[in-house]
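Got the viewer open and a hand on the mouse? Let's take a walk through this one, a stop at a time.

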Amino acid sequence: MEIPSMDRRELFFRDIERGDIVIGRISSIREFGFFMVLICLGSGIMRDISHLEITALCPLRDVPSHSNHGDPLSYYQTGDIIRAGIKDIDRYHEKLAVSLCSSSLPPHLSGIKLGVITSEELPLYYRRSVELNSNSLESYENIMESSLGFVNPGVVEFLLEKLGIDETNPPSLMRGLQSKNFSEEDFASALRKKQSASWALKCVKIGVDYFKVGRHVDAMNEYNKALEIDKQNVEALVARGALYATKGSLNKAIEDFELALENCPTHRNARKYLCQTLVERGGQLEEEEKFLNAESYYKKALALDETFKEAEEALQKLHKYMQVILYFLLEIECCVN
């Protein structure tokens with residue numbers, strides 16, 4: 001699989017743990033220690049990592065002395081193959097520190113020799129991969145089909161056993177996914193929901209950029225695309241509602257703002273824009289002399305935000321106007337009688 005180098009590095013640093021054994025070549029020697037470029041893993045999940053170009057530092061304090069006097073680093077040369085244990089990991093900055101002291105290894109690996117090794121001591125899987133890579137005439141399919149393990153009917157069970165994966169649980173090479181207990185957020189549906197939300201937000205951002213330059217049709221297309229991906233995306237609903245309000249489609253705007261508030265009752269912009277749009281729609285209904293409907297919109301805005309002055313002022317003004325109308329109607333009725 002052609003996976004980008006950046007993604008492969010990220011997966012490596014996510015998976016590596018203290019006490020793991022790594023193998024690499026010394027690239028430079030300094031007074032404070034030496035740097036080595038990692039080529040493969042020597043414990044746990046075996047992996048060829050030479051293509052990742054990961055450098056690790058072995059500090060002087062983690063280099064055992066081979067004599068009673070002299071510089072411990074004088075024993076090593078650039079190009080030496082080194083087996084070391086992972087001591088410290090900075091995943092954010094992708095930095096590793098290794099040690100040649102056996103104390104850096106967990107008890108079950110403490111018997112493994114650390115330090116300079118020969119090419120014959122490299123892991124078998126790595127030596128075979130180097131041999132196969134050097135033979136450019138052989139295709140991957142030919143190499144697999146010529147392998148004894150390929151035609152072994154028990155190869156799947158054998159591989160699962162070697163990798164320490166329980167066949168009854170979802171198999172994975174990632175250590176965190178080999179446990180029996182999976183949290184709901186690790187399942188495909190939850191992960192897909194997160195991915196959809198992230199993708200939808202990208203569409204919303206593009207839509208907002210279109211809206212700012214007056215490209216309202218393109219903005220609406222992006223908001224609709226976001227809601228096709230994630231029907232309950234609050235930001236998309238608020239953005240589309242704002243665009244509807246700008247274009248004068250107040251009822252559609254109100255529907256989007258109300259749905260956004262249902263999904264996220266604490267969303268400030270959804271509440272703010274809904275109150276403003278309810279008041280604006282109430283004003284339209286007043287002009288149409290639908291006073292009771294207008295009153296209900298103002299009251300709904302105040303129910304959402306008791307401090308919303310525009311709604312309070314509009315409601316008071318409407319009540320005064322309705323009282324005046326009622327007064328004139330009573331006067332007319334009295335005159336008639």
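Where does Asp-256 lie? Select Asp-256 and you'll land in helix 8. Keep in mind as you click around that this is a predicted model.

**Stop 1: Asp-256**

Is Asp-256 buried or exposed? Its relative accessibility is 5%, so it counts as buried. Now show what surrounds the side chain: leaving out residues up to four places away in sequence, Asp-256 touches Leu-237, Arg-240, Gly-241 and Tyr-244. Those four names come up again at the next stop, where Leu-237, Arg-240, Gly-241 and Tyr-244 are listed among the helix 7 residues that meet helix 8.

**Stop 2: helix 7 against helix 8**

Colour residues 250-263, which make up helix 8, and then residues 234-246, which make up helix 7. A pair of packed helices is described by the angle between the axes and the distance between them. Here the angle is about 160° and the axes are 8 Å apart. Angles over 145 degrees count as roughly antiparallel, and helix 7 and helix 8 are therefore roughly antiparallel to each other. Turn the view and check the handedness: helix 7 passes helix 8 in a left-handed crossing.

Next, put sticks on the residues that meet. From helix 7, take Val-234, Leu-237, Val-238, Arg-240, Gly-241, Ala-242, Tyr-244 and Ala-245. From helix 8, take Leu-250, Lys-252, Ala-253, Asp-256, Phe-257, Leu-259, Ala-260 and Asn-263. Sort the contact of helix 7 with helix 8 by class and you get 11 nonpolar, 2 polar and 3 charged residues.

**Stop 3: Asn-251**

Stay in helix 8 and click Asn-251, which is found there. With a relative accessible area of 39%, Asn-251 is partly exposed. Which residues does Asn-251 touch, not counting those up to four places away in sequence? Select Arg-281 and Tyr-297 and you have them. If you like using the distance tool, try C-alpha to C-alpha from Asn-251 to Gly-241: the two are 10 residues apart in sequence and 9.3 Å apart in space.

**Stop 4: helix 6 against helix 7**

Go back to helix 7 and add residues 216-229, which are helix 6. At what angle do the axes of helix 6 and helix 7 cross? They cross at roughly 150° and come within 9 Å. Helix 6 and helix 7 are therefore roughly antiparallel to each other, and their crossing is left-handed.

For the contact itself, select His-216, Ala-219, Met-220, Tyr-223, Asn-224, Ala-226 and Leu-227 on helix 6. On helix 7, the partners are Ala-236, Leu-237, Ala-239, Arg-240, Leu-243, Tyr-244 and Thr-246. By class, the contact of helix 6 with helix 7 has 10 nonpolar, 3 polar and 1 charged residues.

**Stop 5: Tyr-223**

Zoom in on Tyr-223 in helix 6. At 2% relative accessibility, Tyr-223 counts as buried. Setting aside neighbours within four places in sequence, Tyr-223 is in contact with Val-204, Gly-207, Val-208 and Phe-211, and also with Ala-236, Ala-239, Arg-240 and Leu-243. One more distance to draw: Tyr-223 and Val-238 are 15 residues apart in sequence, with their C-alpha atoms 9.5 Å apart in space.

**Stop 6: two glutamates in loops**

Leave the helices and pick Glu-53, in the loop between strand 2 (33-41) and strand 3 (55-59). Its phi is near 55°, a positive value in a residue other than glycine. Glu-53 counts as exposed, at 61% relative accessibility.

Then jump to Glu-94, in the loop between strand 4 (81-90) and strand 5 (95-99). Phi of Glu-94 is near 55° too, again positive in a non-glycine residue. Glu-94 is partly exposed, with a relative accessible area of 28%.

**Stop 7: cysteines**

How many disulfides are there? The count comes to 0. While you're looking, select Cys-40, which counts as buried at 0% relative accessibility, and Cys-203, which counts as buried at 5%.

**Last stop: zoom out**

Switch to the whole chain in cartoon view. There are 11 helices and 6 strands in the protein chain. Of its 337 residues, 32% are buried. Take the contacts with a separation of 6 or more, and residues 24 or more positions apart account for 53% of them.

Definitions and conventions. Residues numbered from 1 in each chain as written. Predicted model: local features only at pLDDT ≥ 70, side-chain atom pairs only at ≥ 80, totals over all residues. Heavy atoms only, no water. Axes fitted to C-alpha atoms, helices over the stretch in contact; angles between N-to-C directions. Parallel < 35°, antiparallel > 145°, perpendicular 65-115°, else oblique. Left-handed = near helix turned anticlockwise from the far one by under 90°. Contact = heavy atoms within 4.5 Å. Nonpolar A, V, L, I, M, F, W, Y, C, P; charged D, E, K, R; others polar. Disulfide = S-S within 2.5 Å. Buried < 20%, exposed > 50% of the residue type's maximum accessible area, 1.4 Å probe, protein only.
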